[in-house]
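Visitor: Before we begin, could you take me through this structure one place at a time, and give the reasoning behind each answer?

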Amino acid sequence: MPTRSPTATPRPWWRDAVIYEVYIRSLADSDGDGTGDLQGVIDRLDHIQALGVDAVWITPFFPSPGHDHGYDVSDFRGIDPAFGDTDTFRRLVDELHERGMRLLVDVVPNHTSHEHPWFQAALAEGRDGVDYRDYYLWADPAGDGGPPNNWLANFGGSAWTWEPESEQYYLHAYLPEQPDLNWRNPRVFEEWVAILEHWIELGADGFRIDVAHNLLKHPDLPDNPVLEPTRAENVPAGRVRSARGLARVYDVDQDDVVDLYTQLRARLPRTHAGEDPFLLGETVLENPERVERYLESGRLDAAMWFGTDRVPFDAAEVAQVLRTPSPDTAGRFGWFLSNHDRARPASRLGSADRALALSAAVLAMPGPYLLYQGEELGMIDLEIDPSTARDPIALRAGELDASRDRARSPIPWTDEPGRGFSSAEPWLAHGPLPEHGSAATQRGNDTSHLNRWRSLLTTWARLRDTLPVSTAVDHHDDLLTLTRGALAVQINFGTEALPLKRPAGAEALWRSQPGGDPATLRAAEAVWLYRPGEQ
Ligand code: NOJ
């Protein structure tokens with residue numbers, strides 16, 4: 001069994017941490033209004049702690065008119081009464097800290113709600129306004145009176161909306177109700193230093209930074225190049241189909257955006273535990289080298305790598321996306337299979353067994369793993385019914401098949417009709433029960449998906465500090481092997497059993513499927529082999 005080497009250099013807590021993503025609306029409803037809340041998170045901390053996670057990331061709980069289910073914020077320092085109040089937040093922080101877990105607040109610096117007082121002031125000031133006008137991005141119409149350039153909003157239509165009073169357009173990467181902030185304005189930067197200080201003061205240990213690659217735009221606002229239609233199909237998710245026709249050259253991932261994080265970090269105070277606040281960026285980029293730029297010294301601590309959230313269950317394709325960044329940034333990609341914007345892995349990949357097998361490799365990659373609520377239960381997609389659909393984005397774009405509702409249905413805590421989520425009708429319909437049942441059923445079954453995840457994470461906690469940050473990935477037909485120091489993860493991506501290739505002296509620490517012949521690797525099975533003495 002691995003032991004921690006006494007000479008190992010101390011690693012930051014987040015290096016190989018497991019961070020549990022709470023989609024607040026759907027975890028647990030404590031007050032019977034059908035919507036999850038902060039007290040609901042407190043009530044479910046036993047479940048979260050028993051998984052063996054290191055931190056919890058909670059999606060936005062700030063006041064919001066709800067055009068993008070909380071990612072359209074009207075007060076960055078407040079708490080929406082539907083989710084609780086500052087006292088509830090403080091209690092949550094205390095409970096987490098007492099249990100040895102940290103808290104990440106999900107901040108949304110790219111845009112505000114159109115109801116935010118800054119935007120309201122900018123409107124009232126008009127085109128010559130000097131106080132709040134420049135908090136946002138305004139431009140005169142093009143010669144034909146249309147939008148200033150061809151940029152598209154991720155949620156459909158032009159990225160520019162006409163404001164008749166001032167006869168200017170304003171920019172929004174998402175909905176017109178989500179105007180983009182102008183991060184080239186130093187006052188916006190100062191506002192954000194104060195907002196992050198506020199949450200650190202209240203006990204946050206770090207932040208998940210929404211669309212961190214989006215904050216700066218090219219100042220000259222050039223048109224984006226038009227993509228060939230076949231290429232447009234392959235653009236990463238996060239945009240509705242009708243918004244996929246352009247190469248995002250000038251409106252996202254600008255060369256200088258990374259400097260903002262160096263500057264921001266230099267201004268942030270330490271957390272209550274005396275640590276640097278952990279900064280995790282949501283970087284929705286196709287090219288891993290571009291993600292690495294956000295990690296070079298003094299920028300973000302970790303950046304989400306969107307390679308594994310759409311990959312099919314195929315050894316060669318998985319080998320392609322299990323990328324180890326360069327030595328400078330190794331151990332700092334944020335790995336995940338799912339989140340509140342993506343299809344559930346058990347549905348996308350075809351079964352909960354396949355999802356768990358793939359997680360066994362992705363978890364072992366150097367860097368934090370982001371475990372989305374319900375993934376530990378093998379939850380499957382909610383089938384979208386037009387009469388109960390909720391995701392405003394899909395509804396507005398008329399693309400129900402793209403609805404993010406699929407991954408947002410309430411957690412099935414019990415088998416009862418309300419599933420232990422709420423005493424009221426839930427804000428979004430319950431999905432089908434996972435293959436192994438509700439959380440309560442799974443808790444009582446040693447070989448349930450939940451208990452397999454728990455044993456995986458217990459094994460991980462013992463192992464992770466002994467592993468280097470370099471990996472090697474190899475695949476032959478349906479067999480993929482990921483080696484990280486003394487750990488070798490093998491996965492059978494095929495439909496037939498394969499002989500298990502166990503190197504001399506290697507011990508099988510964990511298998512994704514219970515029982516079975518120790519000499520074979522079954523279809524969709526993963527095994528963790530440990531070779532003592534191997535570096
Ligand atoms: C990414 C978030 O995860 C998503 O839910 C949201 O709609 C967009 N950013 C815009 O804030």
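Visitor: Is Ser 448 buried or exposed?
Guide: This is a predicted model, and in it Ser 448 sits in the loop between helix H14 (439-443) and helix H15 (449-463). Leaving aside residues up to four places away in sequence, Ser 448 touches His 436 and Gln 442. Buried means a relative accessible area under 20%, and because the value for Ser 448 is 0%, the residue counts as buried.

Visitor: Where does Asp 314 lie, and is the residue buried, partly exposed or exposed?
Guide: Asp 314 is found in the loop between strand E9 (302-304) and helix H10 (315-321), where a polar atom of its side chain lies 2.9 Å from the backbone nitrogen of Glu 317. The class called partly exposed runs between 20% and 50% relative accessible area. Since the relative accessibility of Asp 314 is 31%, this residue is partly exposed.

Visitor: How far apart are the end C-alpha atoms of helix H6, and what span should its 16 residues give?
Guide: Helix H6 covers residues 186-201, and at 1.5 Å a residue its 16 residues should span 22 Å. The expected value agrees with the distance between the end C-alpha atoms in the model, which is 23 Å.

Visitor: Which residue caps the N-terminal end of H6?
Guide: The contact to look for joins a side-chain oxygen to the backbone nitrogen of Arg 187, and the two atoms lie 2.9 Å apart. After the helix comes Gly 203, with a positive phi near 115°, whereas the residue that caps the N-terminal end is Asn 185.

Visitor: Which elements do the buried residues of H6 pack against?
Guide: The buried residues of H6 include Val 188, Phe 189, Trp 192, Ile 195, Leu 196 and Trp 199. In an α-helix there are 3.6 residues a turn, so residues three or four places apart point the same way. The buried residues of H6 pack against helix H4 (86-98), strand E3 (102-107), helix H5 (117-125), strand E7 (206-209) and helix H8 (257-267).

Visitor: How much of the ligand does the protein bury?
Guide: The ligand is surrounded by 13 residues, and Asp 68, Asp 210, His 340, Asp 341 and Arg 404 are the closest; by class, the shell has four nonpolar, two polar and seven charged residues. Oxygen atoms of the ligand lie 2.5 Å from a polar side-chain atom of Asp 68, 2.5 Å from one of Asp 341 and 2.9 Å from one of Arg 404. Taken alone, the ligand exposes 300 Å², and the share of that area buried by the protein is 97%.

Notes: Residues numbered from 1 in each chain as written. Predicted model: local features only at pLDDT ≥ 70, side-chain atom pairs only at ≥ 80, totals over all residues. Heavy atoms only, no water. Near = heavy atom within 4 Å. Polar contact = N/O pair within 3.5 Å; in protein donor to acceptor, adjacent residues only side chain to side chain. Areas by Shrake-Rupley, 256 points an atom, 1.4 Å probe, with all protein chains shown as cover. Nonpolar A, V, L, I, M, F, W, Y, C, P; charged D, E, K, R; others polar. Helix = DSSP H or I, 4+ residues; strand = E, 2+ residues; numbered from the N terminus. Expected span 1.5 Å × (residues − 1). Buried < 20%, exposed > 50% of the residue type's maximum accessible area, 1.4 Å probe, protein only. Contact = heavy atoms within 4.5 Å.
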